[in-house]
Amino acid sequence: MGQPKYRQIASELRGQIVSGTLREGDRLPTEPQLQDQYGVSRNTVRDATALLVNEGLVQRVPGRGGGMIVRRKVTLTFHAHRAEMPAQPTAETDAWRSEVVAQGYEASQEFTLTIRSLSPELAERLHVEPDSVAVLRRCVRYVNGQPSSLQDTYYPMDLAEEIRELLSPKDIPQGTTRLLAERGHQQTAYYDEYVSRMPTPEEANLLGLQPGTTILLHIRTGYTEQRPVRVSFNVFAGDRNQIVTTHGDVGVIARFRPEESPE
């Protein structure tokens, strides 16, 4: 049995986008044109284009003219194993910003700060008393002006009171990991979790996600020799990011994949 007609149409349009026949900013044929070309109903055409929207390949154009155009697709590679490497002595930027710039993109971030009561699960992660409060630092991160990911990081209140910069809703130029290390709280271990799921309404709104787009969730708990000092929830738009980790002798990998060089 062959594919349903709407999937055949989506496959042909996808092929034109991947091959470059349809380029960024090009308009797709209109719904009536596609109906005539394939001899199908309007609903079948809409089902086909909905697949491409969900894959992040095209977007609807608002306004009277409407229609669909091919999206500009910027995919950031997030190297999770590098994210907490000690910064070089001359480094003045955080790890995420350095990652974006190294891949030839423009990075920007928006910060907010709130004081939150911790859920039982978060209190357990941070090894603090139930119903404790913590500092939540949120970054909405943009790549080439497009929202790409969110980072929500929780810090125990006693740590934030000791390191007052954590209480400021401003960018910390060297990044919080290096700041903590400079103040005697060097993180020596990390516990990572990876989850793929549908976004919450808030996440979908902040990241401008098309319906049906999943998110990649990377949860990292950072530990010093004495205690856990933070939990970070990194929410990546699934159509604009990929997460990479390497293990073992990175030099061997770099011989075959120069882009993975630790330098």
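Start by selecting Arg97 and Asp171: in this predicted model, their side chains meet in a salt bridge, with N and O 3.6 Å apart. Arg97 sits in helix H4, residues 95-102, while Asp171 belongs to the loop between helix H6 (157-162) and helix H7 (176-182). That puts the partners 74 residues apart, so the pair links distant parts of the chain. Colour both by accessibility and you'll find Arg97 partly exposed at 21% relative accessible area, with Asp171 also partly exposed, at 33%. Why can such side chains pair up? Opposite charges can do so when their charged atoms come close.

**Next stop: Glu202 and Arg138**

Now pick Glu202 and Arg138. Here is another salt bridge, this time at 3.0 Å from N to O. Glu202 is in helix H8 (residues 201-207) and Arg138 is in strand S5. This pair also links distant parts of the chain, across 64 residues of sequence. Which side of the pair is buried, and which is partly exposed? Glu202 is partly exposed, with 46% relative accessibility. Arg138 is buried because its relative accessible area is 16%, below the 20% cut-off.

**More charged groups**

Move along to Arg240 and Asp239. They form a salt bridge whose closest N and O atoms are 3.1 Å apart, and both residues are buried. Then select Glu31, Arg42 and Arg46 together, and you have a network of salt bridges linking the three. The structure holds 13 salt bridges. For the wider picture of charge, the chain carries 30 positive and 34 negative charges, and the mean positions of the two sets are 7 Å apart.

**Into the core**

Time to go inside. Select Leu118, Tyr154, Leu207 and Phe233, the residues with the most contacts inside the largest nonpolar core, which has 19 residues. To see what builds this core, show helix H5 (120-126) along with strands S5 (133-143), S6 (146-156), S8 (215-223) and S9 (228-237); each gives two or more residues to it. Apart from this core lies another one, of 18 residues, and you can pick out some of its members by selecting Leu34, Ala48, Leu51 and Leu57.

Go back to Leu118 and show what surrounds it. Leaving out residues up to four places away in sequence, what does Leu118 touch? The list is Ala123, Leu126, Val128, Asp131, Ser132, Ala134 and Tyr154.

**Two buried residues**

Select Ala237, in strand S9. Ala237 counts as buried, at 0% relative accessibility. Setting aside neighbours within four places in sequence, Ala237 is in contact with Ser148, Leu207, Leu209 and Thr214. Draw a distance from Ala237 to Gln33, C-alpha to C-alpha, and you should get 32 Å; along the sequence these two are 204 residues apart.

Then jump to Thr213, in the loop between H8 and S8. Is Thr213 buried or exposed? Buried: its relative accessible area is 3%. Beyond residues up to four places away in sequence, Thr213 touches Asn54, Met198, Pro199, Gly238 and Asp239. You've already met Asp239 as the salt-bridge partner of Arg240.

**Two backbone oddities**

Most residues other than glycine have a negative phi. Keep that in mind as you select His127, in the loop between H5 and S5. His127 has a positive phi of about 55 degrees, although it is not a glycine. His127 is also exposed, with 66% relative accessible area.

Asn144 is worth a click too. Where is Asn144? Look in the loop between S5 and S6. Phi of Asn144 is near 55 degrees, again a positive value in a residue other than glycine. Asn144 is partly exposed, with a relative accessible area of 26%.

**Zoom out**

Finish with the whole chain in cartoon view. You're looking at 9 helices and 10 strands, and the C-alpha trace spans about 70 × 45 × 35 Å along its principal axes. Of the 263 residues, 40% are buried. Switch to a surface and the chain exposes about 14600 Å², with carbon and sulfur atoms supplying 50% of that. Finally, turn on contacts between residues at least 6 apart in sequence: 60% of them join residues at least 24 apart.

Methods:
Residues are numbered from 1 along each chain as its sequence is written. This is a predicted model: local features need pLDDT of at least 70, side-chain atom pairs count only at pLDDT 80 or more; totals for chains, interfaces and linings use all residues. Side-chain values use heavy atoms; hydrogens and water are left out. Helices (H or I, at least four residues) and strands (E, at least two) are DSSP runs, numbered from the N terminus. Buried means under 20% relative accessible area, exposed over 50%, partly exposed in between (1.4 Å probe, protein chains only). Contact means heavy atoms within 4.5 Å. Accessible areas come from the Shrake-Rupley method with a 1.4 Å probe; for residues, only the protein chains shown count as cover. Lys and Arg count as positive and Asp and Glu as negative; His and the chain ends are not counted. The place of a charge is taken as NZ of Lys, CZ of Arg, CG of Asp or CD of Glu. A nonpolar core is a set of buried Ala, Val, Leu, Ile, Met, Phe, Trp, Tyr and Cys residues joined through side-chain atoms within 4.5 Å. A salt bridge is a side-chain nitrogen of Lys or Arg within 4 Å of a carboxyl oxygen of Asp or Glu.
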